[in-house]
Amino acid sequence: MLTVNHLAKSYDGEKMSLTDVSFSVQPGEVTVIIGPSGAGKTTILRSINQLIRDDEGEILFDQVDMRQLNRAQLRRARSHIGMIFQSYNLIEPLTAIENVLHGCLGTKSNFAGIFSIYNTREKEEALKLLQKVGLEEFAYQQCRNLSGGQKQRVGIARALMQHPKIILCDEPIASLDPKSTITVMDILKDLAVNEGISVLINLHQVDIARKYADHVIGINNGQVVFDDRTPALSDTAVTGIYRKDAHSEGSLVHEF
Amino acid sequence: MNSNLQQVNHFFNKKRFRLSLILVILGLAYAGASFGLGFQTHSLLNIQDGIAWLIQNFIPNEASQGYWQEISQQLFRTFLVAVAATTCAAIGALFLAIIGAKTLTAAITVSWVIRGFSSLLRNIPIVAWAMILLFSFKQNDLTGFLALFFMTLGFLTRAFMETIEDFGTEKIQALQATGATYLQVIFQGLLPEIAVALMSWILYMIENNVRDATLVGLLTGTGIGFIFNLYFKSLRYGAAGLVVLSVIILVVTVELISNLIGRLLS
């Protein structure tokens, strides 16, 4: 499904924020990336759909290297990759259903996209997705009036509107209360188990990783230090992933 | 404990000293400037005589009532010029701001060129604009329109650019991640988010331009500014006072309406 080989990235040309990161993600599995702040988790996730242009390596999504695609090809590839964010990144003055429909912009012509011309099938699907995440009654509410957990569910519906093969989740629960956290993680897990979507999540919370992940990747100072099935994530392994060494201090500034 | 106390005292003493220093500097600046100009501070004591003369002469009287129709006609004309110049400039400014905002621009050089251009436009005073344009476009409404247009274009480009840059890149990236094109991101993401902010800048600029249009009209010989000048120079002070009063009423009305619109939008 997704294979990352020897990914390396430096923002300033001197300090490496990623050095030789390799891993792969299987369909229908929840893969969690854990590691200290500034380890490079966000950089990895945003390199996958090329929101961050990387320096070196190979990102194979459906056997195609994302780094080699031209504009139109990248656009088509991105339309199959859903993404949700810590700060939700919804368009707040628009309603929930409009935000969900943004998920099909990748397949629309410029004109139709600009003037919000969606067909009946798309509108029906958007409503169905809102129902799926339990927000059908909020369809015509402006997103600025929703709670954090509700916003994140709209974000998930927007990602699902893309019919994604994989969903990238950048700290999806970092701003949520415990109850919303469970709701959001349950939905993500369900997508992997019942719809065969690969779910790749950046997390801080080790206990959540243990509960929901099939596969865990530990990142420290831009390197993969752990890559195994979840049961192998012992306390010693966690300590190893979160250890601080002399090099990691300097790289803390690179998280964004 | 003792050294803490010393430190905190020292801190506040230093702050107090700085404040006193600033006050002394301001005082010296005033004294120096008025000495340079030969300005006598005590003449401020006689200011009431001037004001009394002003009130006696500029209060609209019976004779000036007859001017209402002409004044309101010219006032409306001036208002329309201001609104037209602002809305046209706003469209141009939005276009330039989107191309030039650092978060969206294709090349940073483009951003700098647009920044420089807008800075040039708005840093030429409106009076200078009017006088320069007067040579090519003569005395008519178009000259006033253009003077307001150029100044507003410069100002709004900068304001819009900052609004767009404050919006950040996160939400733009979120839409790009769905495979949306550049124009789709602008129309579906950026514009809905900043619409209210843009609208309040435009309303602010309309208010401003209604005021400035009066001044510009004085120079270009059109609108309310022209008839003010005409009445004033022909010693019809009452009528001139009426013009001033009508401008004040218009500006306050526009401000009230724009506040109302602002409240409705947010």
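**A walk through chains A and B**

A:H163 sits in the loop of chain A that links α6 (148-161) to β7 (166-170). Keep in mind as we go that this is a predicted model. The backbone does something worth a look here: A:H163 has a positive phi of about 50°, although it is not a glycine. Is A:H163 buried or partly exposed? There are 16 C-beta neighbours inside 10 Å, so A:H163 counts as partly exposed.

Chain A has another residue of this kind. A:N89, also not a glycine, takes a positive phi of about 55°. You'll find A:N89 in the loop between β6 (81-85) and α3 (96-101) of chain A. The surroundings of A:N89 hold 23 C-beta neighbours inside 10 Å, and the bar for burial is 20 or more, so A:N89 counts as buried.

Now for the sheet in chain A. Four strands make up an open sheet, and reading across it you meet β2, β1, β4 and β5, with antiparallel pairing. Which strands sit at the edges? They are β2 (16-25) and β5 (64-65) of chain A, each of which pairs on one side only. Take the β5(A) edge: β4 (residues 56-61) of chain A runs antiparallel to β5(A), and 2 bridges join them. If you want a residue pair to click on, A:L60 has A:D65 in β5(A) as its bridge partner. Lying across β1 (2-10), β2 and β4 of chain A is helix α1 (residues 41-48) of chain A, which runs at about 120° to β1(A).

On to chain B, which is split into domain 1 (2-39) and domain 2 (57-265). The C-alpha centres of these two domains of chain B are 40 Å apart. Domain 1 is a good place to check some helix geometry. Helix α1 of chain B covers residues 2-37, and at 1.5 Å a residue its 36 residues should span 52 Å; the end C-alpha atoms are 53 Å apart, so the model agrees with the expectation. How many of the 36 residues of α1(B) are buried? The count is 0, and α1(B) is hardly covered. Just after α1(B) comes B:G38, with a positive phi of about 70°.

So where do the chains meet? The contact draws 18 residues from chain B and 22 residues from chain A. On the chain B side, the elements that give two or more residues are α7 (170-176) and α8 (182-220) of chain B. Of the elements there, α8(B) gives the most, with 7 residues. Sorted by class, this side of chain B has 7 nonpolar, 8 polar and 3 charged residues.

To see the contact up close, zoom in on B:Q188, which is found in helix α8 of chain B. B:Q188 has 25 other C-beta atoms within 10 Å, and therefore it is buried. What does B:Q188 touch, leaving aside its neighbours within four places in sequence? From chain A, B:Q188 is in contact with A:I91, A:H102, A:L105 and A:G113, and from chain B with B:L175 and B:A180. There's a distance to try out here as well: B:Q188 and B:Q176 are 12 residues apart along the chain, and their C-alpha atoms are separated by 11 Å.

Note on methods
Residues are numbered from 1 along each chain as its sequence is written. Chains are lettered from A and ligands numbered from 1 in the order in which they are written. This is a predicted model: local features need pLDDT of at least 70, side-chain atom pairs count only at pLDDT 80 or more; totals for chains, interfaces and linings use all residues. Domain bounds come from an automatic or database domain assignment. Two residues are in contact if their C-beta atoms, placed from the backbone, lie within 7 Å. Ala, Val, Leu, Ile, Met, Phe, Trp, Tyr, Cys and Pro count as nonpolar, Asp, Glu, Lys and Arg as charged, and the others, Gly among them, as polar. The expected span of a helix is 1.5 Å times one less than its number of residues. A residue is buried if 20 or more other C-beta atoms lie within 10 Å of its own, exposed if 12 or fewer, and partly exposed in between; C-beta atoms are placed from the backbone. Two strands pair if DSSP finds at least two bridges between them. Axes are lines fitted to C-alpha atoms, for helices over the stretch in contact, and angles run from 0 to 180 degrees between N-to-C directions.
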